[in-house]
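Thanks for sharing this one. Could you keep the structure open while you go through my comments?

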Amino acid sequence: MSVSTAVVITLLCLCSLYSTFGQDCPSRKEIQGTLKQVQKLLSAHEASYTQSLRNLKKKINLLQSSAAKQTTRATNTTCPKLDAPVNGRKLGRSQNVGHEVHLLCDPGYELVGAESRVCQESLTWSGQQPTCRDINECASSPCMNGGTCADEVNQFSCVCAKGWAGATCQSPVPTFFVTMTNTSAATSPAAAATLPGATNGPFVRPSRCTIVQGTTHCTCEPGYTISGRDSNTCTDIDECELFHNGQAGRLCLHACVNTAGGYRCSCPVGYDVTRDGRSCKDIDECATRQNNCTKDQTCINTYGGYQCVRVDCPKIPNATYVKTSPMRCERNPCPVDNKACSQTPNSFSYHYLSVVSNLSAPRVMFRVSALRPMGDTLRFSLLGGRQVRRHFTVQRSDRLTGQLMLVSPVQGPATLEAEVEMSELEDRMQLGRYITKVTMFVSQYEF
Ligand SMILES: [Ca+2]
Ligand SMILES: [Ca+2]
């Protein structure tokens, strides 16, 4: 509107100019005609101006939304936070795509479900969240001789059947009542008396005898049995011998030591007896600083012992390697056009596993994943000698992951070294090779 007003004002000015120069003012009709034309022109301009404004707004909106998408994509490359299971722990903190966390349970609990979960490209964790279930210590029927087991967290207790005692109802309670007549003791005037007995060390003790109305009743303490010609001695029961192949099963997981009035279980060097007194558990020398590993070594706890390991980067022709973490070496950049160098492995990673002898197979021992694959194909393969191939194989578990499988049990003590190679290819051309060296320490015992 203001534009039209300005045009009218200009026309009026023109009119005044005309009169100044002594010319006639244009007629009203002419002015109106000119005004109409100007108005048409203005409307056309206005329409095209509005149109281009609209187009500009559209373009700005498009730019804004694509910029917003890119920022969300850039920040959202992690999976949601994963909690440890109740009564358990989580190993591994990375929530990035391709990373793996391991889940385990506190002592006394067992894991039900997957022991590891991987952050997938869909930004969700693979599998289901596992739970920690209270281990039923009674499941192995530890109470012997008809005892009833009561499960508690990380332990159990036995209610023994009549005639049996001990933590696992392992010791018979002597209830022998020996009836004797015509003995000299029977003439004793007292209602009760204790007979003297042999005292040949702690394994043989005097029995306790009671004379009631001319009849002598002799008893022993738990863990002893009545013996001697006159039933006047008690001899220790050798539970280890008695239950060696008994129906109730072996008393001890490893070795049984007979003691006066009882017995105890013993474990090999490197193991402690568990709280139930029967089993053996490995001593973690690395956690308890009972090791002599030096500063540049890493302590690896094994079943029955420990190992001090030190990673030295490999020395191979055409390439040099540098240690980027205690367990990883990476290749220094290759000179341009040095094909021999670019074909050597890009990295070596070192992993150590401790397992018990004769571990059942098949089972997954280790997984190797590509974090940011570059090419169109990933290839996983197993390197190593005949012994390695007898016990291991490499399988693909998903598009980006290969797994080292144990295919046959390994009798310990032994140390096996397997190498998993992951190659990245693009149009069948090799882009990179990554070597994972897995050393498995197998214990002597199956516990
Ligand atoms: Ca004994
Ligand atoms: Ca150990």
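Here are my notes, point by point.

1. Confidence first, since this is a predicted model. The mean pLDDT of the chain is 82, and 84% of the residues reach 70 or more. Residues 1-23 have pLDDT below 50, and in the model this stretch makes 13 contacts beyond near neighbours in sequence. Residues 175-199 are also below 50, with 40 contacts beyond near neighbours in sequence. Where pLDDT is low, the predicted coordinates should not be read in detail, so please treat the contacts of those stretches with care.

2. Next, the largest nonpolar core. This core has 19 residues, and the ones touching the most other members are Leu404, Ala418, Val420, Met440 and Val442. Two or more residues come from each of strands S24 (363-369), S25 (377-383), S27 (401-406), S28 (414-426) and S29 (429-442). Nonpolar side chains tend to be buried together in soluble globular proteins.

3. Which residues does alanine 418 contact, leaving aside its neighbours within four places in sequence? They are Leu382, Gly384, Val388, Phe392, Leu404 and Val438. Leu404 appears in this list and is also named among the core residues that touch the most other members.

4. There is another core, apart from the largest one, and it has 6 residues. Among them are Leu251, Cys252, Cys256 and Cys265.

5. Two peptide bonds deserve a look. Alanine 361 and proline 362 are joined by a cis peptide bond, with omega about 0°; proline 362 sits in the loop between strand S23 (347-355) and S24. Glycine 412 and proline 413 are likewise joined in cis, omega again being about 0°, and proline 413 belongs to the loop between S27 and S28. For context, most peptide bonds are trans.

6. What is the sign of phi at arginine 289? Phi there is positive, near 55°, in a residue other than glycine. Arginine 289 lies in the loop between strand S18 (280-282) and strand S19 (298-302). Its surroundings make it exposed, because 10 other C-beta atoms lie within 10 Å and the cut-off for exposed is 12 or fewer.

7. Arginine 428 also has a positive phi, near 65°. This arginine 428 is in the loop between S28 and S29, two strands that each give two or more residues to the largest core. Is arginine 428 buried or exposed? Arginine 428 counts as exposed because it has 8 C-beta neighbours inside 10 Å. Most residues other than glycine have a negative phi.

How values were computed: Residues numbered from 1 in each chain as written. Chains lettered and ligands numbered in written order. Predicted model: local features only at pLDDT ≥ 70, side-chain atom pairs only at ≥ 80, totals over all residues. pLDDT = per-residue confidence, 0-100. Contact = placed C-beta atoms within 7 Å. Core = buried A, V, L, I, M, F, W, Y, C linked by C-beta atoms within 7 Å. Buried ≥ 20, exposed ≤ 12 C-beta atoms within 10 Å, placed from the backbone. Helix = DSSP H or I, 4+ residues; strand = E, 2+ residues; numbered from the N terminus.
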